[in-house]
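Please look over the chain below before reading on. The paragraphs after it walk through its fold, core, pockets and a few single residues.

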Amino acid sequence: DDIGLELLSHPGFSLVSMGNEWLDTGLFLFIQIGLGPNQEKLLGVFTQDGQIIFRNKKATLRVNEDILREGQPVALVHYDSSVTKKGDGKYFSINIDGSISPTKAPHLAFGFYVPAQNRAQN
C-alpha cells in the first residue's frame, strides 16, 4: 500500500512535489520536493530493500548526491536515470517513532530546519 510522507516535526505538513515538470541535469531527471499541506502529500511505496518509490511519477526518493548529512535535500529521481542504479542515498528505514531515516545514517530523519525561527529564540 502507498504511504503518505507526513512530517512528525511539522504537524499538518508533508513532503510534497514542488512541480510536475522533470528537471534535467544531463545525468538524471528529478523533481524537487518540499514542505506542503497534508492534502498534497506524496504517496509512495516502501520496498523490501528500503527504497521509497512513487509509481504515479515513475520515481524513487533520493538524497541529493548520496551525501548523508544534516540539511542535505531529497528529491524524486526518475526510474530511468542512471543515478538510480547505485548509492546509499536511495535506501531508507522506518524508525520506531515512525520517522524515516537513510538506512546508513539512522541519526538523520526527514524534516525541515527553519533558520529564522532558531535565531529568533536566541
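The text starts with the overall layout and then moves inward.

This is a predicted model, in which local features need pLDDT of at least 70, side-chain atom pairs count only at pLDDT 80 or more, and totals for chains, interfaces and linings use all residues. Residues are numbered from 1 along each chain as its sequence is written, and side-chain values use heavy atoms, with hydrogens and water left out.

The chain has 10 strands and 1 helix. Helices (H or I, at least four residues) and strands (E, at least two) are DSSP runs, numbered from the N terminus. The order from that end is β-β-β-β-β-β-β-β-β-β-α. Of the 122 residues in the chain, 36% are buried. Buried means under 20% relative accessible area, exposed means over 50%, and partly exposed lies in between (1.4 Å probe, protein chains only). The chain exposes about 7,700 Å², and carbon and sulfur atoms supply 52% of it. Such areas come from the Shrake-Rupley method with a 1.4 Å probe; for residues, only the protein chains shown count as cover. Contact means heavy atoms within 4.5 Å. Among contacts in the chain with a separation of 6 or more, 49% join residues 24 or more positions apart.

Now the core. Which residues have the most contacts inside the largest nonpolar core? They are Leu61, Leu76 and Phe110, in a core of 16 residues. A nonpolar core is a set of buried Ala, Val, Leu, Ile, Met, Phe, Trp, Tyr and Cys residues joined through side-chain atoms within 4.5 Å. The elements giving two or more residues to this core are β4 (29-37), β6 (52-54), β7 (59-63) and β8 (74-78). β7 gives the most, with 3 residues. Leucine 76 shows the packing in detail. Not counting residues up to four places away in sequence, Leucine 76 touches Trp22, Leu29, Phe30, Ile31, Ile33, Leu42, Phe54, Lys57, Ala59, Thr60 and Leu61.

Next come the pockets. On a 1 Å grid over the protein atoms alone, a pocket is an open set of points where a 1.4 Å probe fits, with protein on both sides within 12 Å along at least five of seven lines; lining residues have an atom within 4 Å of a point. Grid points are joined across faces, edges and corners, and a volume is the space filled by probe spheres set on the points. The largest pocket holds about 780 Å³ of space. Its lining has 30 residues, and Gly71, Gln72, Pro73, Val74 and Gly111 lie nearest its centre. β4, β7 and β8 are the elements that give two or more residues to this lining. β4 gives the most, with 4 residues. By type, the lining divides into 18 nonpolar, 7 polar and 5 charged residues. Here Ala, Val, Leu, Ile, Met, Phe, Trp, Tyr, Cys and Pro count as nonpolar, Asp, Glu, Lys and Arg as charged, and the others, Gly among them, as polar.

The second largest pocket has about 160 Å³ of space. Its lining includes Ile3, Leu5, Leu7 and Ile100, along with Ala109 and Phe110. Phe110 was named above for its contacts inside the core. This lining divides into 7 nonpolar, 4 polar and 1 charged residues.

Two loops come next. Leucine 68 lies in the loop between β7 and β8. Leucine 108 lies in the loop between β10 (100-102) and α1 (115-121). Buried or partly exposed: which is leucine 108? Leucine 108 counts as buried, because its relative accessibility is 14%. Leucine 68 is partly exposed, because its relative accessible area is 24%. Leaving aside neighbours within four places in sequence, leucine 108 contacts Leu68, Arg69, Glu70, Ile100, Ser101 and Pro102. On the same basis, contacts of leucine 68 include Val63, Asp88, Lys104 and Leu108. The C-alpha atoms of leucine 108 and glutamate 70 are 6.6 Å apart, with their positions 38 residues apart along the chain.

Backbone angles pick out two more loop residues. Aspartate 66, in the loop between β7 and β8, has a positive phi of about 60° although it is not a glycine. Lysine 58, in the loop between β6 and β7, has a positive phi of about 55° and is not a glycine either.

The N terminus closes the tour. Aspartate 1 lies in the segment before β1 (3-4). Aspartate 1 is exposed, because its relative accessible area is 88%. Beyond its neighbours within four places in sequence, aspartate 1 is in contact with Gly44 and Val45.
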